[in-house]
Amino acid sequence: MKRLWAPWRMEYILDTTKHGTCLFCDISKKGKGKAIDAADKKNLILHRGKHCFVMLNKYPYNSGHLMVVPYIHTSSFDGLSDAVLCDIIKTVRNSVDTLKKILSPDGFNMGLNFGKVAGAGMESHMHKHIVPRWTGDTDSMPIISETRVMPEHLKKTYSKLRRAFALMQQE
Ligand SMILES: [Zn+2]
(Lines give C-alpha, C1' and ligand atoms only; values in the text may rest on other atoms or scores of the structure.)
Protein backbone atom coordinates (compact mmCIF):
# COMPACT_ATOMS: atom_id res chain seq x y z
CA MET A 1 0.00 0.00 0.00
CA LYS A 2 3.04 2.23 0.15
CA ARG A 3 2.71 2.86 -3.55
CA LEU A 4 -0.66 4.44 -3.07
CA TRP A 5 0.41 7.98 -3.82
CA ALA A 6 3.27 7.39 -6.21
CA PRO A 7 1.75 5.00 -8.69
CA TRP A 8 3.30 6.69 -11.65
CA ARG A 9 6.90 5.97 -10.82
CA MET A 10 6.98 3.25 -13.41
CA GLU A 11 5.59 5.31 -16.24
CA TYR A 12 7.76 5.46 -19.31
CA ILE A 13 11.01 4.95 -17.48
CA LEU A 14 11.97 2.31 -19.99
CA ASP A 15 10.75 4.32 -22.95
CA THR A 16 12.66 7.48 -22.11
CA THR A 17 15.95 5.80 -21.47
CA LYS A 18 15.53 3.90 -24.71
CA HIS A 19 14.89 6.91 -26.92
CA GLY A 20 16.69 9.66 -25.08
CA THR A 21 13.99 12.11 -26.18
CA CYS A 22 10.80 13.41 -24.67
CA LEU A 23 8.08 10.86 -25.22
CA PHE A 24 5.24 13.33 -24.65
CA CYS A 25 6.63 15.72 -27.28
CA ASP A 26 7.18 12.82 -29.61
CA ILE A 27 3.63 11.52 -29.12
CA SER A 28 2.03 14.95 -29.42
CA LYS A 29 3.72 15.62 -32.77
CA LYS A 30 2.59 12.35 -34.31
CA GLY A 31 -1.07 13.20 -34.57
CA LYS A 32 -0.97 16.64 -36.12
CA GLY A 33 -4.63 17.19 -36.86
CA LYS A 34 -7.46 17.63 -34.43
CA ALA A 35 -8.93 14.25 -35.23
CA ILE A 36 -7.56 11.18 -33.55
CA ASP A 37 -5.48 9.26 -36.07
CA ALA A 38 -3.98 5.78 -36.04
CA ALA A 39 -0.83 6.95 -34.26
CA ASP A 40 -2.92 8.61 -31.58
CA LYS A 41 -4.86 5.42 -31.10
CA LYS A 42 -1.66 3.46 -30.70
CA ASN A 43 -0.39 5.99 -28.19
CA LEU A 44 -3.70 5.89 -26.30
CA ILE A 45 -4.49 9.57 -26.87
CA LEU A 46 -8.14 10.20 -26.02
CA HIS A 47 -8.52 13.85 -26.74
CA ARG A 48 -6.58 16.69 -28.34
CA GLY A 49 -7.45 20.14 -27.06
CA LYS A 50 -6.08 23.54 -27.98
CA HIS A 51 -3.23 23.60 -25.47
CA CYS A 52 -3.12 20.09 -24.05
CA PHE A 53 -4.04 16.51 -24.76
CA VAL A 54 -5.37 13.58 -22.73
CA MET A 55 -3.96 10.09 -22.83
CA LEU A 56 -4.39 6.83 -20.96
CA ASN A 57 -1.39 5.83 -18.90
CA LYS A 58 0.22 2.77 -20.44
CA TYR A 59 1.31 1.71 -16.96
CA PRO A 60 -1.86 2.46 -15.03
CA TYR A 61 -2.22 2.35 -11.32
CA ASN A 62 -5.91 1.74 -11.74
CA SER A 63 -8.38 1.40 -14.60
CA GLY A 64 -8.85 4.66 -16.47
CA HIS A 65 -5.65 6.28 -15.18
CA LEU A 66 -5.37 9.36 -17.40
CA MET A 67 -2.75 12.03 -17.94
CA VAL A 68 -3.41 15.59 -19.08
CA VAL A 69 -0.32 16.89 -20.87
CA PRO A 70 0.41 20.39 -22.25
CA TYR A 71 1.92 20.56 -25.75
CA ILE A 72 4.61 22.87 -24.37
CA HIS A 73 7.67 21.09 -23.07
CA THR A 74 8.22 22.30 -19.50
CA SER A 75 9.08 20.56 -16.26
CA SER A 76 6.85 22.77 -14.09
CA PHE A 77 4.37 25.65 -14.42
CA ASP A 78 7.17 27.80 -15.86
CA GLY A 79 6.49 28.85 -19.40
CA LEU A 80 2.79 28.06 -19.29
CA SER A 81 0.50 31.01 -20.00
CA ASP A 82 -2.81 31.60 -18.25
CA ALA A 83 -4.57 30.30 -21.36
CA VAL A 84 -2.63 27.04 -21.21
CA LEU A 85 -3.13 26.63 -17.46
CA CYS A 86 -6.82 27.31 -17.85
CA ASP A 87 -7.10 24.77 -20.65
CA ILE A 88 -5.31 22.17 -18.51
CA ILE A 89 -7.66 22.55 -15.56
CA LYS A 90 -10.76 22.62 -17.76
CA THR A 91 -9.52 19.47 -19.47
CA VAL A 92 -9.00 17.87 -16.06
CA ARG A 93 -12.60 18.73 -15.19
CA ASN A 94 -13.91 17.28 -18.45
CA SER A 95 -11.80 14.17 -18.00
CA VAL A 96 -13.17 13.65 -14.50
CA ASP A 97 -16.71 14.08 -15.84
CA THR A 98 -16.04 11.56 -18.59
CA LEU A 99 -14.52 9.02 -16.20
CA LYS A 100 -17.51 9.43 -13.88
CA LYS A 101 -19.90 8.75 -16.73
CA ILE A 102 -18.07 5.74 -18.13
CA LEU A 103 -16.39 4.04 -15.17
CA SER A 104 -18.48 5.27 -12.20
CA PRO A 105 -15.61 5.60 -9.73
CA ASP A 106 -16.21 6.51 -6.09
CA GLY A 107 -13.47 9.13 -6.04
CA PHE A 108 -10.26 10.37 -7.66
CA ASN A 109 -6.62 11.02 -6.91
CA MET A 110 -5.14 13.79 -8.99
CA GLY A 111 -1.50 14.64 -8.85
CA LEU A 112 1.45 16.50 -10.26
CA ASN A 113 4.95 15.23 -9.57
CA PHE A 114 7.69 17.81 -10.10
CA GLY A 115 11.20 16.36 -10.01
CA LYS A 116 12.53 12.82 -9.77
CA VAL A 117 12.58 13.00 -5.99
CA ALA A 118 8.80 13.48 -6.08
CA GLY A 119 8.39 10.39 -8.19
CA ALA A 120 8.11 11.95 -11.64
CA GLY A 121 8.85 9.34 -14.26
CA MET A 122 8.88 11.94 -17.02
CA GLU A 123 10.23 14.87 -15.08
CA SER A 124 11.14 17.07 -18.04
CA HIS A 125 7.55 17.36 -19.29
CA MET A 126 4.92 18.12 -16.66
CA HIS A 127 1.63 16.23 -16.73
CA LYS A 128 -1.36 15.88 -14.45
CA HIS A 129 -2.39 12.42 -13.35
CA ILE A 130 -6.03 11.51 -12.83
CA VAL A 131 -6.57 8.18 -11.10
CA PRO A 132 -10.13 6.95 -10.55
CA ARG A 133 -10.66 5.23 -7.21
CA TRP A 134 -13.21 2.66 -6.13
CA THR A 135 -14.13 1.68 -2.60
CA GLY A 136 -11.92 -1.24 -1.65
CA ASP A 137 -9.63 -0.92 -4.66
CA THR A 138 -6.48 -0.74 -2.55
CA ASP A 139 -6.79 -4.49 -2.08
CA SER A 140 -6.68 -5.21 -5.77
CA MET A 141 -4.08 -2.62 -6.73
CA PRO A 142 -0.89 -4.50 -6.00
CA ILE A 143 -2.28 -7.28 -8.17
CA ILE A 144 -3.03 -4.88 -11.00
CA SER A 145 0.39 -3.28 -10.96
CA GLU A 146 2.28 -6.51 -10.64
CA THR A 147 0.54 -8.67 -13.18
CA ARG A 148 0.06 -5.93 -15.76
CA VAL A 149 -3.16 -7.32 -17.06
CA MET A 150 -3.04 -4.39 -19.31
CA PRO A 151 -2.94 -4.76 -23.11
CA GLU A 152 -6.48 -6.02 -23.74
CA HIS A 153 -7.87 -4.25 -20.76
CA LEU A 154 -6.28 -0.97 -21.87
CA LYS A 155 -7.70 -1.25 -25.39
CA LYS A 156 -11.21 -1.79 -24.07
CA THR A 157 -10.97 1.10 -21.67
CA TYR A 158 -9.51 3.24 -24.43
CA SER A 159 -12.39 2.54 -26.83
CA LYS A 160 -15.02 3.29 -24.23
CA LEU A 161 -13.39 6.51 -23.10
CA ARG A 162 -12.51 7.58 -26.62
CA ARG A 163 -16.18 7.51 -27.64
CA ALA A 164 -17.15 9.45 -24.54
CA PHE A 165 -14.52 12.13 -25.12
CA ALA A 166 -15.63 12.50 -28.74
CA LEU A 167 -19.25 12.95 -27.64
CA MET A 168 -18.26 15.47 -25.04
CA GLN A 169 -16.52 17.58 -27.69
CA GLN A 170 -19.69 17.73 -29.73
CA GLU A 171 -21.76 18.97 -26.81
ZN1 LIG B 1 8.30 17.21 -23.95
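## A tour of a predicted fold

Let's start with a shaky spot: over residues 142-150, pLDDT stays under 50, and the model has four contacts beyond four places in sequence for them. This is a predicted model, so keep an eye on pLDDT, the predictor's confidence in each residue. Residues 1-18 also have a pLDDT that stays under 50, and here the model has 27 contacts beyond four places in sequence. Among the elements, helix α1 (residues 13-19) has the lowest mean pLDDT, 46, whereas α4 has the highest, 97. For the protein, the mean pLDDT is 80, with 75% of its residues at 70 or more.

### The layout

What does the secondary structure add up to? It comes to six helices and five strands. Walk along the sequence and you get the pattern α-α-α-β-β-β-α-β-β-α-α. The contacts reach well along the chain, too: of those with a separation of 6 or more, 64% are between residues 24 or more positions apart.

### The sheet

The five strands form an open sheet in the order β1-β2-β3-β5-β4, with antiparallel pairing. β1 and β4 (107-112) stand at the edges with a single partner strand each, so one side of each has no neighbour in the sheet. On average, and ignoring direction, neighbouring strands are turned by 20° against each other. Helix α4 packs on this sheet and touches β2, β3, β4 and β5, and its direction makes about 20° with that of β5.

Here are three of the strand pairings, each with one residue pair you can look up in the structure.

| Strands | Sense | Bridges | One bridge pair |
|---|---|---|---|
| β1 and β2 | antiparallel | three | isoleucine 45 and methionine 55 |
| β2 and β3 | antiparallel | five | methionine 55 and methionine 67 |
| β4 and β5 | antiparallel | six | methionine 110 and isoleucine 130 |

Notice methionine 55, which is the bridge partner of isoleucine 45 and also has methionine 67 in β3 as a bridge partner. To get from β1 to β2, the chain goes through a hairpin of three residues.

### A strand that is boxed in

Why is β2 called largely enclosed by the rest of the structure? Five of its five residues are buried, so the rest of the structure largely encloses the strand. Cys52, Val54 and Leu56 point one way from β2, Phe53 and Met55 point the other way, and all of them are buried.

### The core

Buried residues make up 30% of the 171 residues in the protein. In soluble globular proteins, nonpolar side chains tend to be buried together. Here, the largest nonpolar core has 24 residues, and Leu46, Val54, Met55, Leu66, Val68 and Val69 have the most contacts inside it. Two or more residues each come from α2 (23-30), β1 (45-48), β2 (52-56), β3 (66-70), α4 (82-103), β5 (128-133) and α6 (150-170). The largest share, five residues, comes from β2.

Let's zoom in on a few residues. Leaving aside its neighbours within four places in sequence, leucine 66 is in contact with Val54, Met55, Leu56, Asn57, Ser95 and Ile130.

Valine 69 lies in strand β3. Is valine 69 buried or exposed? It has 24 C-beta neighbours inside 10 Å, so it counts as buried, the cut-off being 20 or more. Beyond four places in sequence, valine 69 is in contact with Phe24, Cys52, Phe53, Met55, His125 and His127. Phenylalanine 24 sits 45 residues from valine 69 along the chain, yet their C-alpha atoms are separated by 7.6 Å.

That brings us to helix α2, where Leu23, Phe24 and Ser28 are buried. They span an arc of only 125° around the axis, so they lie on the same side of α2.

Our last stop is leucine 154, in helix α6. How many C-beta neighbours does leucine 154 have inside 10 Å? There are 20, so leucine 154 counts as buried. Leaving aside neighbours within four places in sequence, leucine 154 is in contact with Leu44 and Leu56. Proline 60 is 94 residues away from leucine 154 along the chain, with 8.8 Å separating their C-alpha atoms.

How values were computed
Residues numbered from 1 in each chain as written. Core = buried A, V, L, I, M, F, W, Y, C linked by C-beta atoms within 7 Å. Buried ≥ 20, exposed ≤ 12 C-beta atoms within 10 Å, placed from the backbone. Helix = DSSP H or I, 4+ residues; strand = E, 2+ residues; numbered from the N terminus. Contact = placed C-beta atoms within 7 Å. Arc of directions from axis to C-beta. Pairing = 2+ DSSP bridges. Axes fitted to C-alpha atoms, helices over the stretch in contact; angles between N-to-C directions. pLDDT = per-residue confidence, 0-100.
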